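Thanks for coming, everyone. I'll keep this brief: one sheet, then confidence. Here is the structure.

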Amino acid sequence: MATTPAPAQNRSSVRTLLRLWPYVRPVRARLFTAAFVAILASCVGLVIPLVLKWLVDGPVADRDPAGVGLGALYLLLLGFAEALLFGLRRWLVARPLSHVEASMRAALYRRLQRLPVAFHDRWASGQLLSRGTTDLMLLRMFLAFPLTFLLVNGVTIVVGVVIMLLQDWTLGLVILGPAVPVMVTCVIFEKRYAEVARLAQDQVGDLTTVVEESVLGIRVIKGFGRHRNQARAFSDLSGTLRGTELRKARLLATIWGVIVTLPEVAIGAALVVGVVQVADGGLSAGTLVAFLSTALALRWPVESIGFLLAMSQEAATATERYFEVMDEDVEEAGAAAAAEGSRSAGRNGWARTAARSIVATEPGERGLRFDDVRFRYPDAPPGSPPVLDGVDLHIRPGESMALVGATGSGKTTLTALIPRLYELTSGRITLDGVDITALSAQDLRAKVAVAFEEPTLFSAPVGDNVLMGAQDTAGPADLERALSVAQAGFVYALPQGTDTQVGEQGLSLSGGQRQRLALARAVVGQPEFLVLDDPLSALDVRTEAAVEAALRHVLADTTALIVAHRPSTVLLADRVALLSGGRIAAVGTHHELLRTSAEYAHLMSADRSGKEEGAR
Ligand SMILES: Nc1ncnc2c1ncn2[C@@H]1O[C@H](COP(=O)(O)OP(=O)(O)OP(=O)(O)O)[C@@H](O)[C@H]1O
């Protein structure tokens, strides 16, 4: 499993949350209007105690039923206006915020598509999934609620306190008593909660990874009877997450306790002092009623601060996690010597200038060429030797070259460098004399087609899976030709032919069928350069021979590099290159190498005996 994310940066929560501004900007007018409406609603709520004061000291004291009726009508209208304004606020924010969430999710997805394979090697998929789902949901909730209400409640508390001080400043001071301890508690809480919230969100990511792995690997789990172990691993992780969530709940309970208790004690004290003052005649009953009503109206804004802070903290953590992915450079920093001076040509380092490509073109260098190619995986342990250590190889135009080497010698790695799935550590690869780093992604993908060892299919019709190998140029005739080259006639026997939907990961097809579709995908666009990573490994001998015969026609016009493990695949190629010790140790025809290279002869004969054993 890939590792968990980069450590959190030491940024304040407010600064972290400010990074959301570019996404919130388009809906700022609505958000500000909503905040203004909410403040208005809260202030309307604070007028109610003042009407009460007028009611108690006026019509009630004067025993004036008409006045009491009028007062009641005022109260009703104020309550109605408050409810209406809060409803309006909700209506104002709901639609734009779902838009913010959707655009952030789309931006994350686009980024994930553009990030290099080395990034995906490093990151657990569950961590990425949880960032695109749970974290973005937390952010939408933050923008809808705490963001507005921390402001609204802050204004309400200030206005309410001013009103109370104006009513009676001694009672006002009694109410203000707990302000300092409450604030200190909030600061301590914010720090502690930040740590636990981050832990919980990372653990959700880990849990998602386990679920995803066990769903994808369900056949292996069942085949080896590992379901109990998987269930135990899952329950351990979810137990850990539960523990973290409980820590969050305890912290929230503590701050809630302080925030609720202290103001309640202050209200109680103000009540006692106020009643004594009314008894002494220093305060009117109406003022005391208004004062206490205002204090009670402020209870919710004060009490809610605890969970509003908690939600804000979770949103800050979610923002941090979101930008950990968004901040990743789409080109691995310092990965490619060939990328030198490329950053001015775009952040992803792909679109080099035309001038550079002209400079890179050398006459007589046609075909596919590796010049002193060195490569080390970015996540390889420090001090480990490079996988490729000075590969020099020239595949002439129209030639097909088989690449042979012991398992783990770096064959797949070498093929992955051609479509730039990884950046070279040093050296260069040229296509017809043009450095691959001088080509735009689109141009490179149009020239080079790849069929990987692990044929991946997508949940889409069979035909679409194959046609995705051609850049919108291929039609039904190309599809038919590609399927015939790959001997994938089985497609026409499927219920809806080429329109048949392939299950997730192509699991509804056999390994050999998937491999043939991947091969068809590689040849459908009639690429100039074809890279095949052991394309026939899952086929039976007869199908392999048929595919080979068809492939020979395709390969006649194509420059191809074919990773091969068996002599039958090697024989497809004009020449063979032996990869050993990170270098090309020998190049020649199959028969030449059998004579001149003991390692090659050993690899081929060992394979043959293995096959024979398998056949027996
Ligand atoms: N993503 C990666 N990160 C770090 N090391 C890797 C990564 N992928 C492969 N390697 C290492 O690179 C080396 C070469 O692997 P590669 O898959 O290229 O070999 P191969 O010759 O294709 O092997 P096989 O014939 O078994 O398919 C191996 O030692 C492998 O452990």
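**The sheet and its confidence**

Start with strand 3, residues 400–405, and strand 9, residues 575–580. They run parallel, and five bridges join them. Take one residue there: Leu403. Which residue of strand 9 is the bridge partner of Leu403? The partner is Ala577.

Keep in mind that this is a predicted model.

Now widen the view. Strands 3 and 9 belong to an open sheet of six strands. The order reads 6-7-8-3-9-10, and the pairing is mixed. Which strands sit at the edges? Strand 6, at 448–451, and strand 10, at 583–588. Each of these pairs on one side only. As for twist, neighbouring strands in this sheet are turned by 20° against each other on average, ignoring direction.

Next, a helix. Helix 19, residues 511–523, packs on the sheet. It touches strand 6 and strand 7, the latter at 529–533. The direction of helix 19 makes about 175° with that of strand 6.

On to confidence. The protein chain has a mean pLDDT of 83, and 90% of its residues reach 70 or more. Where is confidence lowest, and where is it highest? Helix 14, residues 354–360, is lowest, with a mean of 42. Strand 1, residues 368–375, is highest, at 94.

Two stretches deserve a flag. Residues 1–8 have pLDDT below 50, and this stretch has 22 contacts in the model beyond near neighbours in sequence. Residues 332–361 are also below 50. Counted beyond near neighbours in sequence, that stretch has 50 contacts in the model.

Last, the overall scores: ipTM is 0.96 and pTM is 0.70.

Methods. Residues numbered from 1 in each chain as written. Predicted model: local features only at pLDDT ≥ 70, side-chain atom pairs only at ≥ 80, totals over all residues. pLDDT = per-residue confidence, 0-100. Helix = DSSP H or I, 4+ residues; strand = E, 2+ residues; numbered from the N terminus. Contact = placed C-beta atoms within 7 Å. Pairing = 2+ DSSP bridges. Axes fitted to C-alpha atoms, helices over the stretch in contact; angles between N-to-C directions.
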